[in-house]
Amino acid sequence: MSLTSHDHLERLTDDYSSAIITISVGREQRLFAAHEDVLSHSPWFQALCNGQFFQTTNKRIDLPDEEPEVFSSILEYLYKGDYYPRMEYNKKRNSWNLEDNGTATHEAVIQSPTGPVLKDTVIYCQADKYGLHELKKLALKKQGLQSGVQCSTVLTSARYAYANTPDTDSKLRAHYLALIIRARHTFKRSGTMQNEMENGGKLFFDLFVAMVNHMDDLTAQ
């Protein structure tokens, strides 16, 4: 079961009466607390809470490989239907933007073993794991609204997306392919593209195919 911004408040009225679960996240074992029924809006957590190994007293979940910043956003979504920075609709421009966009850019990136990665990308991948499909859609939209992101971060984020999504889930991958193609001149000037392309992998095979198709489309016009 997944939550949307339209129905989460109504559902949470009863969820607040359920048991409190302690969640230990990351190598530093940062502790979070959440109502069991709130967590159970995620099929992954629901199965974990209902598992035979899950004790009836002193309920605790350990997530040593998760990022506390990412889990905090997921928990915020489960309770509020969104996570910071939230999406805002600009009536004058007839478009969506992120609150505090630009001033909160440094908070949009987390450090992974492979380098800086957009937090929205990690949230998308974790939402897929937890079965939160509406959160996946939200995280994908927010990535398209981020500004001031360095080319190197876009590339490491794209690699992360490819490493943490199945081949059958093409939406996040397609987002990065389109982003790189649109900003190809910026990537060329940055000097980061050559090193990344030398590393190869499926990302740049797909990028090559997408670029060829893009050039064919331009030629046909």
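The following exchange concerns a predicted model of a single chain.

Trainee: How many helices and strands are there in the chain?
Mentor: The chain holds 221 residues, and buried residues make up 45% of them. Its secondary structure comprises eleven helices and seven strands.

Trainee: Among contacts in the chain between residues at least 6 apart in sequence, what percentage join residues at least 24 apart?
Mentor: The count takes in contacts between residues at least 6 apart in sequence. Of these, the share that join residues at least 24 apart is 63%.

Trainee: What area does the chain expose, and what part of it do carbon and sulfur atoms supply?
Mentor: The exposed area of the chain is about 12700 Å². Carbon and sulfur atoms supply 51% of it.

Trainee: Which element gives the most to the lining of the largest pocket?
Mentor: About 520 Å³ of space lies in the largest pocket, and 21 residues line it. The elements that each supply at least two lining residues are α4 (68-80), β6 (109-112) and α5 (119-130). The element that gives the most, with four residues, is α4.

Trainee: Which lining residues lie nearest the centre of the largest pocket?
Mentor: By class, the lining has nine nonpolar, five polar and seven charged residues. Those that lie nearest the centre are R27, D65, E66, E67 and P68.

Trainee: Is α4 largely enclosed by the rest of the structure or largely open, and which of its residues are buried?
Mentor: Ten of the 13 residues of α4 are buried, so this helix is largely enclosed by the rest of the structure. The buried residues are P68, V70, F71, S73, I74, L75, E76, Y77, L78 and Y79.

Trainee: What span should α4 have at 1.5 Å a residue, and how far apart are its end C-alpha atoms?
Mentor: For the 13 residues of α4, the expected span at 1.5 Å a residue is 18 Å. This agrees with the separation of the end C-alpha atoms, which is 18 Å.

Trainee: Which residue takes a positive phi just after α4?
Mentor: The phi in question is about 80°. The residue that takes it, just after α4, is G81.

Trainee: Why does D120 count as buried, and which residues does it touch?
Mentor: D120 is found in helix α5. Its relative accessible area is 3%, so D120 is buried under the 20% cut-off. The C-alpha atoms of D120 and G144, 24 residues apart along the chain, are separated by 9.8 Å. Not counting residues up to four places away in sequence, D120 touches Y83, A139, K142, Q143 and Q146.

Trainee: Which residues of α7 are buried?
Mentor: Helix α7 has 13 residues and reaches 18 Å from its first C-alpha to its last, close to the 18 Å expected at 1.5 Å a residue. The helix is mostly covered, with ten of its 13 residues buried. They are C151, T153, V154, L155, T156, S157, A158, Y160, A161 and Y162.

Trainee: What is the relative accessible area of S157, and with which residues is S157 in contact?
Mentor: S157 lies in helix α7 (residues 151-163). The residue is buried, its relative accessible area being 0%. Leaving aside neighbours within four places in sequence, S157 is in contact with P116, V117, L118, T121 and Y176.

Trainee: Which residues of α8 are buried?
Mentor: The twelve residues of helix α8 (residues 171-182) should span 16 Å at 1.5 Å a residue, and the end C-alpha atoms are indeed 16 Å apart. Within α8, the buried residues are L172, R173, H175, Y176, L177, I180 and I181.

Trainee: Is H175 buried or exposed, and which residues does it touch?
Mentor: H175 has its place in helix α8. At 16% relative accessibility it falls under the 20% cut-off, so H175 counts as buried. Its C-alpha atom is separated by 8.1 Å from that of L140, 35 residues apart along the chain. Not counting residues up to four places away in sequence, H175 touches L140, Q143 and G144.

Trainee: In which helix is L203, and which residues does L203 touch?
Mentor: The place of L203 is in helix α11 (residues 202-220). At 3% relative accessibility, L203 counts as buried. The C-alpha atoms of L203 and L177, 26 residues apart along the chain, are separated by 8.1 Å. Not counting residues up to four places away in sequence, L203 touches A158, R159, Y162 and L177.

Definitions and conventions: Residues are numbered from 1 along each chain as its sequence is written. This is a predicted model: local features need pLDDT of at least 70, side-chain atom pairs count only at pLDDT 80 or more; totals for chains, interfaces and linings use all residues. Side-chain values use heavy atoms; hydrogens and water are left out. The expected span of a helix is 1.5 Å times one less than its number of residues. Buried means under 20% relative accessible area, exposed over 50%, partly exposed in between (1.4 Å probe, protein chains only). On a 1 Å grid over the protein atoms alone, a cavity is a set of points where a 1.4 Å probe fits but cannot get out, and a pocket is an open set with protein on both sides within 12 Å along at least five of seven lines; lining residues have an atom within 4 Å of a point. Grid points are joined across faces, edges and corners, and a volume is the space filled by probe spheres set on the points. Ala, Val, Leu, Ile, Met, Phe, Trp, Tyr, Cys and Pro count as nonpolar, Asp, Glu, Lys and Arg as charged, and the others, Gly among them, as polar. Contact means heavy atoms within 4.5 Å. Accessible areas come from the Shrake-Rupley method with a 1.4 Å probe; for residues, only the protein chains shown count as cover.
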